[in-house]
Amino acid sequence: MSVTGIAGPELGAEPSRQTGRGARGFLGRVRGRSDGLVGIAILAVFTILALAPAVFVGPLQGVVTATGKPLDPPSAAHLLGTDQLGRDMLNLTVHGARISMTIGLMATLITIVIGSLVGIVSGYVGGVVDNILMRLSDFFLVLPTIVLALILAPIILDIIGPEAEFLGIRATLIVIVVVIGLTSWATTARVIRSQVLSLKERMFVDRARVIGSSSLGIMWRHILPNVVNLIVAQSVLTFATAVFTETTLAFIGLGDPNAPSWGEILNSAQSSGAPGLGAWWYIAPPAVSVVLVVLSFTLVGNALDDLLNPRSATRR
């Protein structure tokens, strides 16, 4: 029997060629997922707007620089109408994309880092450590995000000061990032732990133990690379949840009036009585934007989950 028959691909095959074939195969499968392509297209539009909002709609309008009359309906001068201060709604919505998606990204990073770390350690180490970490995750799974936000907001603001900034983000928005990150990691931890429980029984992990690899080394070199696919898919789905949660928290008043995220715009619309006045154009643009972004992340996340973890598709 030839070596190829035993080992699959030829031992002398170039890794770059194998990687290239794998990448082309993955891209081919992506093109076959219409839902994923639709999600990517929507995300591409909002990402471009979020990266350079001033290029498309000019600088963010304020009370002094407002260009219209209060609550003007959509017209040629203001395609999406104006708010109660006369600010252009298209301008506010596009700039709001930058705030909402930046908060969503930062919260997702916190969620994925904590969730991945807890899930890998809990699943691999097991025993008492696993029990403690899982009971902790159970606590955060049932902890209401809004209630935690109301409790943590004044505490965090008192510690860092209301005027503090991090990467250009004011303290009031940092509170939202922290709250979302602290309340979202438990689901990620449990998903990754379930995969690690299977991986640690595999032959390659046993071989690593036999040759004297440490637990930390095994988790870093063998376990983590095998759950990256799951982490990527979970990150996309977590981003959708983070954007929606940010909108909810800003809508109930935990946002920053000086940073008009989509949730903050909806909060201003509610405060100004726009629903009662029939000013639908004050509500529709940010609300539709949130729905489209959450939908697109969900479509991309489900497609990635099926492509990177085929067993998930058979469970649906």
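Helix 8 (residues 171-199) has 29 residues, which should span 42 Å at 1.5 Å a residue. The end C-alpha atoms of helix 8 are 41 Å apart, so the two values agree. This is a predicted model. Helix 10 (residues 215-254) behaves otherwise: a straight helix of 40 residues would span 58 Å, but helix 10 spans only 42 Å.

**Helix 8**

- Helix 8 has a kink of about 35°, and the kink is centred on Ser184.
- Burial dominates here: 21 of the 29 residues of helix 8 are buried, which leaves the helix mostly covered.

**Helix 10**

- The 58 Å expected for 40 residues rests on 1.5 Å a residue, and the 42 Å of helix 10 runs between its end C-alpha atoms.
- Helix 10 bends by about 50° at Leu224.
- A proline, Pro225, follows that bend within four residues.

**Helix packing**

- Two numbers describe a packed pair of helices: the angle between the axes and the distance between them.
- Helix 8 and helix 10 pack at about 150°, with their axes 8 Å apart.
- Angles over 145 degrees count as roughly antiparallel, so helix 8 and helix 10 are roughly antiparallel to each other.
- The crossing of helix 8 and helix 10 is right-handed.
- Helix 10 also meets helix 11 (residues 262-271): their axes come within 7 Å and cross at roughly 30°.
- That crossing angle makes helix 10 roughly parallel to helix 11.
- Helix 10 passes helix 11 in a right-handed crossing.

**Aromatic pairs**

- How many aromatic pairs does a search of the whole structure find? The search finds 5.
- One of them joins Phe239 and Phe297, which are stacked at 4.3 Å centre to centre, with 15° between the planes.
- Phe239 sits in helix 10 and Phe297 in helix 13 (residues 280-308), so this pair ties together parts that are 58 residues apart in sequence.
- Phe239 and Phe297 are both buried.
- Trp280 and Trp281 form an edge-to-face pair, with 5.9 Å between centres and 80° between planes.
- Are the two tryptophans, Trp280 and Trp281, buried or exposed? Trp280 has 54% relative accessibility and so counts as exposed. Trp281 has 9% and so counts as buried.
- Phe139, Phe140 and Trp185 form one aromatic cluster.

**Ser100 and Ala242**

- Ser100 is found in helix 5, which covers residues 89-125.
- Ser100 has a relative accessible area of 0%, so Ser100 is buried.
- Ser100 and Ala242 are 142 residues apart in sequence. In space, their C-alpha atoms are 9.1 Å apart.

**Backbone at Leu71**

- Most residues other than glycine have a negative phi.
- Leu71 is not a glycine, yet its phi is positive, at about 55°.
- Where does Leu71 lie? Leu71 is in the loop between helix 4 (53-57) and helix 5 (89-125).

**Points to carry forward**

- Helix 8 agrees with its expected span, and has its kink centred on Ser184.
- Helix 10 spans only 42 Å against 58 Å for a straight helix, and its bend of about 50° is at Leu224.
- Helix 10 packs with helix 8 at an angle of about 150°, and its axis crosses that of helix 11 at roughly 30°.
- Helix 10 also holds Phe239, which pairs with Phe297 of helix 13.

Terms used:
Residues are numbered from 1 along each chain as its sequence is written. This is a predicted model: local features need pLDDT of at least 70, side-chain atom pairs count only at pLDDT 80 or more; totals for chains, interfaces and linings use all residues. Side-chain values use heavy atoms; hydrogens and water are left out. Rings of Phe, Tyr and Trp (its six-membered ring) pair if their centres lie within 6.5 Å; planes under 30 degrees apart count as stacked, over 60 as edge-to-face and the rest as tilted. Helices (H or I, at least four residues) and strands (E, at least two) are DSSP runs, numbered from the N terminus. Buried means under 20% relative accessible area, exposed over 50%, partly exposed in between (1.4 Å probe, protein chains only). The expected span of a helix is 1.5 Å times one less than its number of residues. The bend at a residue is the angle between axes fitted to the seven residues ending there and the seven starting there. Axes are lines fitted to C-alpha atoms, for helices over the stretch in contact, and angles run from 0 to 180 degrees between N-to-C directions. Angles under 35 degrees count as roughly parallel, over 145 as roughly antiparallel, 65 to 115 as roughly perpendicular and the rest as oblique. A crossing is left-handed if the near helix is turned anticlockwise from the far one by less than a right angle, and right-handed if clockwise.
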